[in-house]
Amino acid sequence: MAELKLNVNGRVRQVQAAQDEPLLWVLRNKLGLTGTKYGCGEGQCGACTVLLDGRPTRSCLTPAVAVAGAKITTIEGLEQNGRLSPVQEAFLEEGAFQCAYCTSGMVLAATALLAEKPHPSEGEIVEAMNGNMCRCGTYPRIVAAVRRASLSVEKKEAAHARG
Amino acid sequence: MPVDELRLEAELHEVRDRIRMFELDRREFLRLCTGGLLVSLVSGGALLEAQESGRRFGGHALPQEVSAWIHIDADGKVTVFTGKVEIGQNIRTSLAQSVAEELRAPFDSITMVMGDTDLVPWDAGTFGSRTTPTMGPQLRTMAMNAREMLVEAAAERWKADPAKLVAEDGRVTNPATSASLGYGEITRGEKLTRTVVGDPALTPATEWKVAGTAEPKVNGRQFVTGVHTYPSDVVRSGILFGKVVRPSGYHATLVSADTSAAEKMAGVQVVRDGDFIGVVADDVWTAEQAAMKINAQWKVPPQISNAELFAELKKGAGDDGQSEIAAALANAEVKLEQTYKVAYVAHAPLEPRAAVAEWTDGKLTVWTGTQRPFGVKDDLVQAFRLSPEQVRVLMPDMGSGYGGKHTGECAVEAARLAKAAGKPVKLIWTREEEFTWAYFRPAGVMEIRAGVQKDGTLVAWEHHNYNSGPSGVGTPYKIANPVTRYHEWKDAPLAQGSYRGLAATANHFARETAMDELAQAVGMDPLAFRLKNLDDARLRAVFVTAAERFGWGKEKSTATRGFGIAGGTEKGGYTAACAEVEIGADKTVHVRRLVQAWESGAVVNPDGLRNQVMGAMVQALGGVLFEQIEFANGKVTNAHFADYRVPRFKDTQQIEVILIDRKDLPSAGAGETGIVAVAPAVGNAIFSATGERLREMPMARERS
């Protein structure tokens, strides 16, 4: 067991973890952040996606000890002062889920995509999100939600530019 | 055996013959509810559902059962108690809409308590597309009665004529005097109860104001923020994590197990009970490491592989190869005799089976993901020889099921570990466990013999289903004396059970492919051929609607681009799909476009319905193109998402759903039947481009 300091959602959290213990289990079971989901443990479904310094990362395949220096963002870290992020808002508005077990991973993958590429084409959305699985089959709605979030960012930028 | 008699039982292979009892004490429940209004319903509906669930009463008089309760407290807060569960199909929202509608109460005043066996009346489970057609009207009936009671109580207080009072937006108002009371104010301090029997007149769908609208998912915000507690997220004080050591194959017996290395690990407890070996530890990682250190030897009997599946299946299901319609066939100008096959497929819900079990003072409480909380409760009662009041099962809205979570293995395992540990234990199955130790949609062989005249008139029809099931085996087309049979295979090599749409997918694939083959044989357009042989107005309507929207017949197929159509009806839902496929170099198939028309009576929530139908279409694509469980010697050999391909973003380019809202017809369930038309539509489209008839699902293996 190693004593770790993890920077999660802007807070430094002290936690003990075994050498190879995945970040997923540390987040869920030691830090109480159960919004990050187990789906396969093999990096195939994306349910466990978190952001490491903004990059979408499979927490099931990432040892917690390896990310002690990184800024970790989980689904619980997107809401700011009671305000949902544009991607969260867009998922709600499009109803882009059924059981919603994939939603945390989807929202974070989309957040990372829009941070890197604020106005992705549909093809770019599909390409970037293809590693995230929704067994309920809401893919077309998720694509629509990402597009909506992208437009809402655009609107804010425009409003900002107008001052 | 006639198909109809077999249907109910065969749809639920995995529900074995157990006696279930309804043990919640209503008086106790009434005591728990503080003042307010409580309506419960005793109706034939609950009874019917009990029978559908495979319950047997052994010749005893059938008990009267309460199917749900509605309670209105002094603050006007409405709580609805039902055994139905939310697994992504959105009934937490749509049922609340139905209650709000009949109660004339604000939608957000309604809370649904679902699937908690200590709080809700017994329910067979959430399957068979029964929630909307059965629980929906029951709740509406109760809500309507509650409204009447409130109006009567207000009338008494005001000495007014109840017929002159208006119930609206959670209040009863007297237009003559402008007096007005909120529902909570009317019930305050009094205990009003009524048990409803019979079927009163409900609000017609044409007058719906809350039902019939696209109300968003009630707790949507909890899902986009990660706050919602799924079964696998439940935490209890002092919780430990479990892991079960799995046998090396199906039907294995334990020969020996060396657990000494695991036992030496700090904080690890090994639990042995017959052939069951499990471990508990303070964290998941340690539990996994400990389980891996256990050296267990198993004896696995020889078992067939998927290469031998279909040959064994036909033998095992008693195929005699004899046609029962020989005379009708002999007179047909054109004959067809074909065999169609479907592979075993997995549900693969993104949240695997999960359970948290806690023993307190001899009482067992389990939080678990299941479509049958009362079924799991019975499993626990039996496994631990408890009395029913000692067991409580709670089902937090879970990470989907698709018919795959009827059973309670994970709950029993977690309870066994928790009992040994003396602390609450959480057990989440791994993806590999979910792929291996759950159950599957049955593989099947379908044989169709059919005859048609050169003018396109269907004159002979025979459809046999071997193993996959009787759902959807009947034909909706005009034909005298069709023969449809289901043949059970008792020695199926894999555990098989319910699945979204059950065998309707396999049987529609066979029938709608055969119809296409017949159309081609007589040189008719596939849509025109179907309509010529179809009287059912509802099915005709979805065919015509889908075809119009798709632009059916406007373009001719080419070698690289094909169009297909198929449709059918099952469980009160009517559907037709048109598919466009692109055939790439080296015969790669891409489904470019799907248009599906859907009709299931009056639409309760168009947004939720559209979502369900679209989801069913996407899930269908997996079975059509690439999903297939591979197995050998009692092991699944592709028990990972890397090897078992499911539909992804790239597979679902243009998918369109057209809803037909028949406000004049009762609402049917819609979680399942949206899956049935996609496979044959895609197969028929592939044929129209390539001239190659694919009669086996999945149709394409992924090229790596």
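Select Gly404(B) in this predicted model and display the residues around it: leaving aside neighbours within four places in sequence, Gly404(B) is in contact with His347(B), Pro349(B), Ala438(B) and Tyr499(B). Colouring the flanking elements helps with orientation, since Gly404(B) is found in the loop of chain B between strand E17 (391-394) and helix H13 (409-421). Is Gly404(B) buried or exposed? Gly404(B) counts as buried because 24 C-beta neighbours lie inside 10 Å, where the cut-off for a buried residue is 20 or more. For a distance to draw from here, pick Thr513(B), which is 109 residues away along the chain and whose C-alpha atom is separated from that of Gly404(B) by 27 Å.

Next, widen the selection to the whole of chain B, which has 19 helices and 28 strands. Of the 704 residues in chain B, buried residues make up 57%, and among the contacts between residues at least 6 apart in sequence, 78% join residues at least 24 apart.

Within chain B, now select residues 131-158, which form helix H5. H5(B) has 28 residues and reaches 39 Å from its first C-alpha to its last, close to the 40 Å expected at 1.5 Å a residue. Step on to Lys159(B), which follows H5(B) and has a positive phi, near 50°.

Then show both chains together and turn to the contact between them, which takes 45 residues from chain B and 42 residues from chain A. On the side of chain B that touches chain A, the elements to highlight are helix H7 (220-224), helix H9 (284-292) and helix H18 (606-625), each of which gives two or more residues. The largest share of that side, six residues, comes from H18(B). Colouring this side of chain B by residue class should show 21 nonpolar, 15 polar and nine charged residues.

Finally, hide chain B and select the two parts into which chain A is divided, domain 1 (2-77) and domain 2 (86-162). The C-alpha centres of these two domains of chain A lie 22 Å apart, and 14 residues of domain 1 are in contact with 13 residues of domain 2. On the domain 1 side that touches domain 2, the elements giving two or more residues are strand E3 (49-52) and strand E4 (55-58) of chain A, and the largest share, three residues, comes from E3(A). The residues on this side of domain 1 of chain A divide into seven nonpolar, five polar and two charged.

Methods: Residues numbered from 1 in each chain as written. Chains lettered and ligands numbered in written order. Predicted model: local features only at pLDDT ≥ 70, side-chain atom pairs only at ≥ 80, totals over all residues. Helix = DSSP H or I, 4+ residues; strand = E, 2+ residues; numbered from the N terminus. Buried ≥ 20, exposed ≤ 12 C-beta atoms within 10 Å, placed from the backbone. Contact = placed C-beta atoms within 7 Å. Nonpolar A, V, L, I, M, F, W, Y, C, P; charged D, E, K, R; others polar. Expected span 1.5 Å × (residues − 1). Domains from an automatic or database assignment.
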